[in-house]
Amino acid sequence: MKNLDLYSDEIAKCRVCNEKLSKIIDFGSQPLGNGFLGKSEFKNEFFFPMKLGFSEKSKMIQLFHQPEPERMFHDEYAFFSSTSKYMSKHFEDFSEFVISSGYLEFKNPFVIELGCNDGILLKNFALAGIKHLGIEPSVNVAKEANKNGVNTINEFFSEELAKRILNQYGKVDAFMAANVMCHLPKISDVVRGIKILLKDKGVVIFEDPYLGDVIKKTSYDQIYDEHVFLFSAISVNYLFNLHGMELIDLYPQKTHGGSMRYVLSKKGAYKPSERVFETIKNEKILGLDNLEKFFEFSKKVEKSKHNLITLLQELKDTGKVIAGYAATSKSTTVLNYCGIGQNLIDYICDTTPIKQGKYSPGMHIPVVSHNYFINNPPDFALLLAWNHSEEILEKEKNFINRGGSWITHVPEVKII
Ligand code: TYD
């Protein structure tokens with residue numbers, strides 16, 4: 001029996017509207033998504049009960065429990081954004097989008113990025129000579145950002161920090177975040193802080209994995225400790241409306257297997273685009289505001305689990321070697337929820353040095369270098385970074401030429 005820590009922040013009510021949460025899925029006991037660890041740490045490994053809930057009022061999908069932020073974002077945070085070429089290009093495009101959006105004042109614009117990681121987005125603003133500030137709580141990645149010429153402060157964002165930033169730097173034209181807003185349990189405090197910092201015509205531009213894609217693709221691996229929320233246009237608009245702001249535009253993105261970029265401003269500063277109305281209408285048709293839809297999703301998740309275990313077991317029974325490709329945080333949910341350990345997967349390869357030589361959270365599968373994968377090709381490789389499949393399949397043509405096959409579990413379990 002795993003030792004479940006008790007939480008100070010165990011909640012039964014929605015973090016946005018304070019109404020009761022309805023339980024959708026119980027993923028059981030889960031470790032930290034990015035909690036790669038050494039053998040000596042197995043004994044004291046941290047687990048938490050991971051349950052997904054829905055608020056019928058705010059329409060916000062969220063975790064019931066979330067580990068304290070300090071457990072997840074610290075001086076050995078294992079996620080470096082710049083590990084993927086595709087992501088570097090994506091953030092270059094993101095910066096071009098913001099710079100040419102017309103939202104920045106012509107004279108001396110100022111932009112902030114919340115959770116700037118190693119500076120993958122802001123370095124483009126630094127290069128363009130635009131006044132910028134990164135806010136990053138994880139020491140090691142914040143150091144990397146500073147090295148990359150990005151002016152970064154190493155703190156958690158809050159309304160209180162917003163006031164200090166306002167005094168020191170002034171108001172912003174664009175407050176940005178990528179794959180960060182969905183990490184923040186005290187989201188109302190964050191939105192209040194953002195509002196303090198925003199110029200009258202300033203905008204918030206952020207992107208996160210999109211609930212619509214998760215539901216469509218049964219990509220339940222987007223649910224892990226760090227992702228306390230899964231946003232839709234409806235729930236984001238609800239949240240910001242509570243603070244006198246509104247959704248004025250949005251743009252679907254390919255990143256993280258399907259994300260949405262949201263643009264918000266103070267109410268009345270801009271006219272919301274047709275896309276906002278269209279997307280909200282489509283979300284209602286899809287049922288993203290409806291508890292029944294999430295019960296249906298829950299059934300599909302169970303089926304995906306059954307199919308994945310069955311396929312891996314069948315292959316293993318015939319003596320095949322199976323590797324995991326990329327030690328992603330999202331794979332932590334899949335491996336632990338499905339109970340996939342070294343009984344089914346021999347090793348996981350990953351390009352991030354800090355993960356190599358360690359073991360996967362919870363299931364303790366060894367994480368090895370990419371070179372190991374090249375020198376010890378398995379019969380099958382499970383695409384744990386299925387969201388990067390285009391990039392990976394393109395660069396790993398040799399794996400197929402040498403007789404290997406890919407397995408994916410999204411949108412359905414199959415050998416590719
Ligand atoms: P990502 O999908 O961003 O992961 P997460 O679920 O943690 O958000 O993928 C990043 C991880 O995948 C990182 O550990 C590096 C690894 N990776 C590889 O090892 N090889 C690759 O070709 C790619 C694209 C990623």
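A polar contact is a pair of N or O atoms within 3.5 Å. In this predicted model, asparagine 387 offers such a pair: an N or O atom of its side chain is 2.7 Å from an oxygen atom of the ligand.

**View 1. Polar contacts between side chains and the ligand.** Asparagine 387 reaches a ligand oxygen atom from its side chain, at 2.7 Å. Serine 329 places a polar side-chain atom 2.3 Å from an oxygen atom of the ligand. For threonine 352, the distance from a polar side-chain atom to a ligand oxygen atom is 3.3 Å. On its own, the ligand has 550 Å² of accessible area, and the protein covers 97% of that area.

**View 2. The shell around the ligand.** The ligand is surrounded by 18 residues. Ser329, Lys330, Asp350, Lys355 and Lys395 are the closest. Two elements give two or more residues to this shell: H11 and helix H13, which spans 389–395. Sorted by class, the shell holds six nonpolar, eight polar and four charged residues.

**View 3. Helix H10 against helix H11.** H10 covers residues 291–317 and H11 covers residues 329–338. The two helices pack at an angle of about 75°. Their axes are 10 Å apart. Angles from 65 to 115 degrees count as roughly perpendicular, so H10 and H11 are roughly perpendicular to each other. On the H10 side, Val301, Glu302, Lys305, Leu308 and Ile309 make the contact. Val334, Tyr337 and Cys338 meet them from H11. The contact has six nonpolar and two charged residues, with no polar ones.

**View 4. Helix H8 against helix H9.** H8 runs over residues 233–241, and H9 over residues 274–286. They pack at about 120°, with axes 9 Å apart. H8 and H9 are therefore oblique to each other. H8 contributes Ala233, Ile234 and Asn237 to the contact. From H9 come Thr279, Ile280, Glu283 and Lys284. By class, this contact divides into three nonpolar, two polar and two charged residues.

**View 5. The cis peptide bond at proline 411.** Most peptide bonds are trans. The bond from valine 410 to proline 411 is cis, with omega near 0°. Proline 411 sits in a loop. Strand S16 (405–408) and strand S17 (414–415) flank that loop.

**View 6. Positive phi at lysine 59 and alanine 326.** Most residues other than glycine have a negative phi. Lysine 59 is not a glycine, yet its phi is positive, about 65°. Lysine 59 belongs to the loop between strand S2 (48–54) and strand S3 (61–63). Alanine 326 is not a glycine either, and has a positive phi of about 85°. The loop that holds alanine 326 links strand S12 (322–325) and H11.

Conventions: Residues are numbered from 1 along each chain as its sequence is written. This is a predicted model: local features need pLDDT of at least 70, side-chain atom pairs count only at pLDDT 80 or more; totals for chains, interfaces and linings use all residues. Side-chain values use heavy atoms; hydrogens and water are left out. Axes are lines fitted to C-alpha atoms, for helices over the stretch in contact, and angles run from 0 to 180 degrees between N-to-C directions. Helices (H or I, at least four residues) and strands (E, at least two) are DSSP runs, numbered from the N terminus. Angles under 35 degrees count as roughly parallel, over 145 as roughly antiparallel, 65 to 115 as roughly perpendicular and the rest as oblique. Contact means heavy atoms within 4.5 Å. Ala, Val, Leu, Ile, Met, Phe, Trp, Tyr, Cys and Pro count as nonpolar, Asp, Glu, Lys and Arg as charged, and the others, Gly among them, as polar. A residue is near a molecule or strand if one of its heavy atoms lies within 4 Å of it. A polar contact is a pair of N or O atoms within 3.5 Å; within protein, one must be able to donate a hydrogen and the other to accept it, and residues adjacent in sequence count only if both atoms are side-chain atoms. Accessible areas come from the Shrake-Rupley method with a 1.4 Å probe; for residues, only the protein chains shown count as cover.
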